[in-house]
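Subject: A structure to look through

Dear colleague,

I am passing on the structure shown below, and I would be glad if you kept it open while you read the notes that follow it.

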Amino acid sequence: MRPNELVTTEALDAFEKRILEKIEALLQPEKRQSKQWVKSKDVRKLLDISPGTLQNLRINGTLSFTKVGGMMYYKLEDIQKVLEGGKQ
């Protein structure tokens with residue numbers, strides 16, 4: 001916006017609408033895309049394994065992970081490979 005321009009009520013309303021649409025889109029999960037990252041507790045349920053076994057899978061490189069803060073996340077596609085019996 002230039003210093004000598006006035007903002008109309010209609011322009012503000014349109015801006016508000018665009019912002020709200022973007023926020024709603026961010027808050028709603030993608031309908032076409034499935035969950036990509038899975039937490040440790042969910043991996044243990046999916047693979048029916050103990051926390052120690054999950055740790056061993058991480059240590060020996062069978063299951064890669066990403067640590068964010070204190071939480072570990074696993075790619076769903078990597079978990080599916082383990083379920084199919086293949087090592088990454």
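A good place to begin is the pair T62 and N60, whose side chains are joined by a polar contact of 2.5 Å. Please keep in mind throughout that this is a predicted model, and that the values below were computed from it. If you look for T62 along the chain, you will find it in the loop between helix 3 (51–59) and strand 2 (66–68). Although it belongs to a loop, T62 counts as buried, because its relative accessibility is 14% and the cut-off for buried is under 20%.

From there you may turn to the sheet, which is open and has three strands in the order 1-3-2, with antiparallel pairing. Strand 1 (37–39) and strand 2 are the edge strands, each of them pairing on one side only, and the twist from one strand to the next averages 40°. Strand 1 is joined to strand 3 (residues 71–75) by three bridges, and the two run antiparallel. Within this pairing, W37 has K75 as its bridge partner in strand 3, while K39 stands opposite Y73, also in strand 3. Strand 2 and strand 3 likewise pair in the antiparallel sense over three bridges, and here the partner of K67 in strand 3 is M72. The hairpin that these two strands form has two residues between the strands, and in it G69 takes a positive phi near 65°.

Two helices can then be placed against these strands. Helix 2 (residues 40–47) packs on the sheet, where it touches strand 1 and strand 3, and its direction makes about 90° with that of strand 1. Helix 4 (residues 76–83) lies across strand 1 and strand 3 as well, running at about 70° to strand 3.

Which residues does S40 touch, if we leave out those up to four places away in sequence? S40 lies in helix 2, and the residues in question are L54, M72 and Y74. With a relative accessibility of 17%, S40 counts as buried. It is also worth finding S40 and M71 together, since they are 31 residues apart in sequence and yet 7.9 Å apart in space, taken from C-alpha to C-alpha.

The loop between helix 2 and helix 3 holds D48, a residue other than glycine whose phi is nevertheless positive, near 55°. In contrast to S40, which is buried, D48 is exposed, with a relative accessible area of 71%.

Finally, there is the matter of the aromatic rings. A pair of such rings is described by the distance of the centres and the angle of the planes. The structure holds one aromatic pair, formed by F65 and Y74, with 6.3 Å from centre to centre and 45° between the planes. Why is this pair called tilted? The planes would have to be under 30 degrees apart to count as stacked and over 60 to count as edge-to-face, so the angle of 45° leaves the pair as tilted. Its two members are not equally accessible: F65 is partly exposed, with a relative accessible area of 38%, whereas Y74 is buried, at 0%. The ring of F65 has a further neighbour, for the charged end of R58 sits over it, 5.6 Å from its centre.

With best wishes

Technical notes
Residues are numbered from 1 along each chain as its sequence is written. This is a predicted model: local features need pLDDT of at least 70, side-chain atom pairs count only at pLDDT 80 or more; totals for chains, interfaces and linings use all residues. Side-chain values use heavy atoms; hydrogens and water are left out. Rings of Phe, Tyr and Trp (its six-membered ring) pair if their centres lie within 6.5 Å; planes under 30 degrees apart count as stacked, over 60 as edge-to-face and the rest as tilted. Buried means under 20% relative accessible area, exposed over 50%, partly exposed in between (1.4 Å probe, protein chains only). A charge sits over a ring if NZ of Lys or CZ of Arg is within 6 Å of the ring centre and within 35 degrees of the ring normal. Helices (H or I, at least four residues) and strands (E, at least two) are DSSP runs, numbered from the N terminus. A polar contact is a pair of N or O atoms within 3.5 Å; within protein, one must be able to donate a hydrogen and the other to accept it, and residues adjacent in sequence count only if both atoms are side-chain atoms. Two strands pair if DSSP finds at least two bridges between them. Axes are lines fitted to C-alpha atoms, for helices over the stretch in contact, and angles run from 0 to 180 degrees between N-to-C directions. Contact means heavy atoms within 4.5 Å.
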